[in-house]
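I opened the notebook today to go through one structure, and I write down each thing I looked up in the order in which I took it.

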Amino acid sequence: MKKFLLFSVSLFILTSVFNISLATASSKGGKKIELSNFNKKAADFVGKTIRLQGIVDHVCEHDGKKMFLVDESSDARVKIVPNENMAAFTQDLIGETVEVTGIVKEFRLDEDYLIEMEEKVKSESNEESEIHMGDGEHKDKKEEHNTKDKMKQINNLRQKLKDSGNDHLSFYSVEATSFKIIK
Amino acid sequence: MTFKWRKWNRAIHRDFGYFFFGMTLIYAISGIALNHLDDWDPKFVITTREIQTRNLNKDIDKEAVLNFLETYGEKENYKKHYFPSKGKYLKVFIKGGTVTVDLSTGKGVIEKTHRRPLFSEMDYLHYNPIKYWTWFADIYAGALIVLAIGGIFIPRGRSSLKKRGIWLLAAGIIIPVIYLLIYFY
């Protein structure tokens, strides 16, 4: 029984570590796209594997489940998320040049989504008001600004959507299957 | 031969307790930390220093950036630099932070991030960094259910579930129910 337990635990740890190292070490396959051209070319590569090189500009501080790549020659900024077999990104990566291999993902934003966002912001704002009113306090100005900022963002997106002449706006990101640090 | 369920229950409770001791501390301590995110950042200690620079523009080379960093004792920490927003800013990546300078005004900020020991690691695990950890965390959650249910049947006599235990158990259930009645329904 003891031997079986020891064997199972060891096997579990070994498979996990093996899978993690595979995810970070291998980076073969996929067409290399220049980061500066990503937004122009991404539509043709949705669902396909590509390679992308750039400097890590930001890693999500909370859970490391997203990072942004930039390059020195343009203002391009590409969102990278790890796939389920990859560990979350760490803050140490900021400032490193990395080559990411991953699948291009498209997020479509349409009027329905904007209405949903608007409703959410409004309801959050109302809930906050109720809580503060219940305490007999004034609504925090910072929260008021947050709500205004969010509404402004939504209106900007709505304008962009209108200007595009399409029924949706496309936002592209890469779901990383692996990456390596370029020295 | 009768099945000695009490003996097995005690053994499981004891061994699960030992095995998941570390996990319990990880989730309990990081859980408290995450409950108070508005008051402090459990993962990092972030320090910022405002600076006023001169003679920096979007055409400067690495040498000039290194000279500029030397003024603030950060030359050895240089990693890379670039000029975001069409050359409006200079952003320098240094070990453990960044230096950002608005090239039109010369005003800048050195931001350095240090990991908070222990909390940083616990917080990282709390956020499920990879699916294999999620599997282990699910096993732990399952074990907690076994520990909770098995635990109430361990005491015997005056402290058993039928005597003192039932009242404490009921009190522990009533508290979340009261919160639900007030705030949820």
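The entries below go from salt bridges to cores, and then to a sheet and its helices.

**Entry 1, salt bridges.** I note at the start that this is a predicted model. I counted salt bridges over all chains and found 13. I looked first at the pair D57(A) and K91(B), whose closest N and O atoms lie 2.9 Å apart. This pair crosses between chains, with D57(A) in strand 2 (residues 49-59) of chain A and K91(B) in strand 3 (residues 89-94) of chain B. I also looked up accessibility for the two residues, and both D57(A) and K91(B) are buried.

**Entry 2, a pair within chain B.** I then took K112(B), which forms a salt bridge with E74(B), the closest N and O atoms being 3.1 Å apart. The two belong to distant parts of the chain, 38 residues apart, since K112(B) sits in strand 5 (residues 107-115) of chain B and E74(B) in the loop between helix 3 (62-71) and strand 2 (78-82) of chain B. Here too I checked burial, and K112(B) and E74(B) are both buried.

**Entry 3, further charged residues in chain A.** R108(A) is bridged to E106(A), with 3.2 Å between the closest N and O atoms. Is E106(A) buried, exposed or partly exposed? I put E106(A) down as partly exposed because its relative accessibility is 29%, and the class in between runs from the 20% limit for buried to the 50% limit for exposed. I also recorded a network of salt bridges that links K32(A), R51(A) and E99(A).

**Entry 4, nonpolar cores.** Which residues touch the most other members of the largest nonpolar core? Of its 28 residues, they are F38(A), L52(A), M67(A), I80(A), F89(A) and V100(A). Two or more residues come from each of strand 2, strand 3 (67-70), strand 4 (77-82), strand 5 (97-110) and strand 6 (168-182) of chain A, and strand 2 of chain A gives the most, with five residues. I followed M67(A) further and, leaving out residues up to four places away in sequence, found that its contacts include V56(A), V78(A), I80(A), F89(A), L93(A) and V100(A). Apart from this core lies another, of 17 residues, among them I60(B), F68(B), L90(B) and V101(B).

**Entry 5, the sheet of chain B.** I traced an open sheet of five strands in chain B, with the order 1-5-4-3-2 and antiparallel pairing. Strand 1 (44-52) and strand 2 of chain B stand at the edges with a single partner strand each, so one side of each has no neighbour in the sheet. On average, neighbouring strands of this sheet are turned by 15 degrees against each other, direction ignored. Strand 3 and strand 4 (residues 97-102) of chain B run antiparallel and are joined by six bridges, and I noted that Y89(B) has D102(B), in strand 4 of chain B, as its bridge partner.

**Entry 6, helices of chain B.** Helix 3 of chain B lies across strand 1, strand 2, strand 3 and strand 4 of chain B, and runs at about 120 degrees to strand 2 of chain B. In helix 5 (residues 119-126) of chain B, I found S120(B), M122(B) and D123(B) buried. The buried residues of helix 5 of chain B line one face of the helix, because they fall within an arc of 165 degrees when seen down its axis. Their cover includes helix 2 (21-35) and strand 5 of chain B. After helix 5 of chain B comes N128(B), with a positive phi near 50 degrees.

Technical notes. Residues are numbered from 1 along each chain as its sequence is written. Chains are lettered from A and ligands numbered from 1 in the order in which they are written. This is a predicted model: local features need pLDDT of at least 70, side-chain atom pairs count only at pLDDT 80 or more; totals for chains, interfaces and linings use all residues. Side-chain values use heavy atoms; hydrogens and water are left out. A salt bridge is a side-chain nitrogen of Lys or Arg within 4 Å of a carboxyl oxygen of Asp or Glu. Helices (H or I, at least four residues) and strands (E, at least two) are DSSP runs, numbered from the N terminus. Buried means under 20% relative accessible area, exposed over 50%, partly exposed in between (1.4 Å probe, protein chains only). A nonpolar core is a set of buried Ala, Val, Leu, Ile, Met, Phe, Trp, Tyr and Cys residues joined through side-chain atoms within 4.5 Å. Contact means heavy atoms within 4.5 Å. The arc is that of the directions from the helix axis to the C-beta atoms. Two strands pair if DSSP finds at least two bridges between them. Axes are lines fitted to C-alpha atoms, for helices over the stretch in contact, and angles run from 0 to 180 degrees between N-to-C directions.
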